[in-house]
Amino acid sequence: MNTFNRIITLISQACGIFAAALTAAAVVLVCQMVFIRYVLNQNTIWQTDFVTYSLIAATFIGSPYVLLTKGHVNVDVLPIYVGDRARYWLAVCAITISLAFCLLMTVLTFQFWHEAWEGRWVSDTMLAGAAVDSLQRHAVGLGILSLQYVADLLNYAHRS
């Protein structure tokens with residue numbers, strides 16, 4: 001189990017670095033877009049697509065890192081008022097439900113990606129890029145998020 005945990009931790013950290021790089025690239029590109037459009041008075045075509053898709057990818061690919069670092073929004077009202085045993089089971093139930101949701105979304109997103117790949121779908125933008133690129137990032141991010149939930153569940157099960 002320790003090896004699995006270490007591997008998932010490293011993958012989640014790599015996802016966090018990749019998501020931060022995508023976000024930074026999007027910020028730089030927005031600045032470049034502003035300069036091109038308002039200073040040089042020229043059109044931008046691919047920049048809007050890149051910014052949109054990179055921020056969506058950063059959200060999905062960065063989610064395992066957010067879970068790893070417990071950076072998500074957390075409401076601790078109920079766990080504060082219950083005992084240790086109930087808090088443990090509450091956490092296990094929450095992780096299990098979240099894992100089930102992420103697994104379902106991973107499967108459905110992969111099926112959607114596969115349909116787009118076979119149908120050679122393109123985006124509805126001026127650039128008309130391949131739609132599979134964006135959908136692939138959804139499936140990868142949700143798949144790794146599911147693995148991070150498995151690691152969390154194993155950690156909680158090991159604590160009992």
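Start by selecting Ser146, which is buried, with a relative accessible area of 4%. The cut-off for buried is under 20%. The model on screen is a predicted one. Ser146 belongs to helix H5. Now show what surrounds this serine. Apart from neighbours within four places in sequence, Ser146 is in contact with Leu99, Cys102, Leu103 and Thr106.

**A second buried serine**

Next, select Ser54, in helix H2. Is Ser54 buried or exposed? Ser54 has a relative accessible area of 3%, so it counts as buried. Display Leu22 and Ala26 as well: Ser54 is in contact with both, once its neighbours within four places in sequence are left aside.

**Helix H1**

Leu22 and Ala26 lead to helix H1, where both are listed among the buried residues. Select residues 2-39 to see the whole of H1, a helix of 38 residues. How far apart are the end C-alpha atoms of H1? They are 55 Å apart. At 1.5 Å a residue the helix should span 56 Å, so the two values agree.

Now colour the buried residues of H1. From the start of the helix they are Asn5, Ile8, Ser12, Cys15, Gly16 and Ala19. The list goes on with Leu22, Ala26, Leu29, Met33 and Ile36. Then go just past the end of H1 and pick Asn41, which takes a positive phi of about 55°.

**Along helix H4**

Move to Asp84, in helix H4. Its relative accessible area is 61%, so Asp84 counts as exposed, the cut-off for that being over 50%. Draw a distance from Asp84 to Thr52, C-alpha to C-alpha. The two are 32 residues apart in sequence and 44 Å apart in space.

Select Tyr88 and Trp89 next. These two form an aromatic pair of the edge-to-face kind. Their ring centres are 5.1 Å from each other, with 80° between the planes. By the rule used here, the model has two aromatic pairs. Which of the two residues is buried and which is partly exposed? Tyr88 has 15% relative accessibility, so it counts as buried. Trp89, at 44%, counts as partly exposed.

Now pick Leu90, which also lies in helix H4. At 33% relative accessibility, Leu90 is partly exposed. Which residues does Leu90 contact, leaving aside its neighbours within four places in sequence? They are Leu78 and Pro79. Draw one more C-alpha to C-alpha distance, from Leu90 to Phe60: these are 30 residues apart in sequence and 26 Å apart in space.

**The largest pocket**

Finish at the largest pocket, which holds about 680 Å³ of space. To find the pocket, select His72, Asn74, Ala91, Ala94 and Ile95, the closest to its centre of the 22 lining residues. Then show the helices around the space. H2 (46-68), H4 (84-119) and H5 (131-159) each supply at least two residues of the lining. Which helix gives the largest share of the lining? It is H4, with seven residues.

As a last step, colour the lining by residue type. Twelve of the lining residues are nonpolar, five are polar and five are charged.

How values were computed: Residues numbered from 1 in each chain as written. Predicted model: local features only at pLDDT ≥ 70, side-chain atom pairs only at ≥ 80, totals over all residues. Heavy atoms only, no water. 1 Å grid on protein atoms, 1.4 Å probe; cavity = no way out; pocket = protein on both sides within 12 Å on 5 of 7 lines; lining within 4 Å. Points joined across faces, edges and corners; volume = space filled by probe spheres on them. Helix = DSSP H or I, 4+ residues; strand = E, 2+ residues; numbered from the N terminus. Nonpolar A, V, L, I, M, F, W, Y, C, P; charged D, E, K, R; others polar. Expected span 1.5 Å × (residues − 1). Buried < 20%, exposed > 50% of the residue type's maximum accessible area, 1.4 Å probe, protein only. Contact = heavy atoms within 4.5 Å. Phe/Tyr/Trp six-rings, centres within 6.5 Å; stacked < 30°, edge-to-face > 60°.
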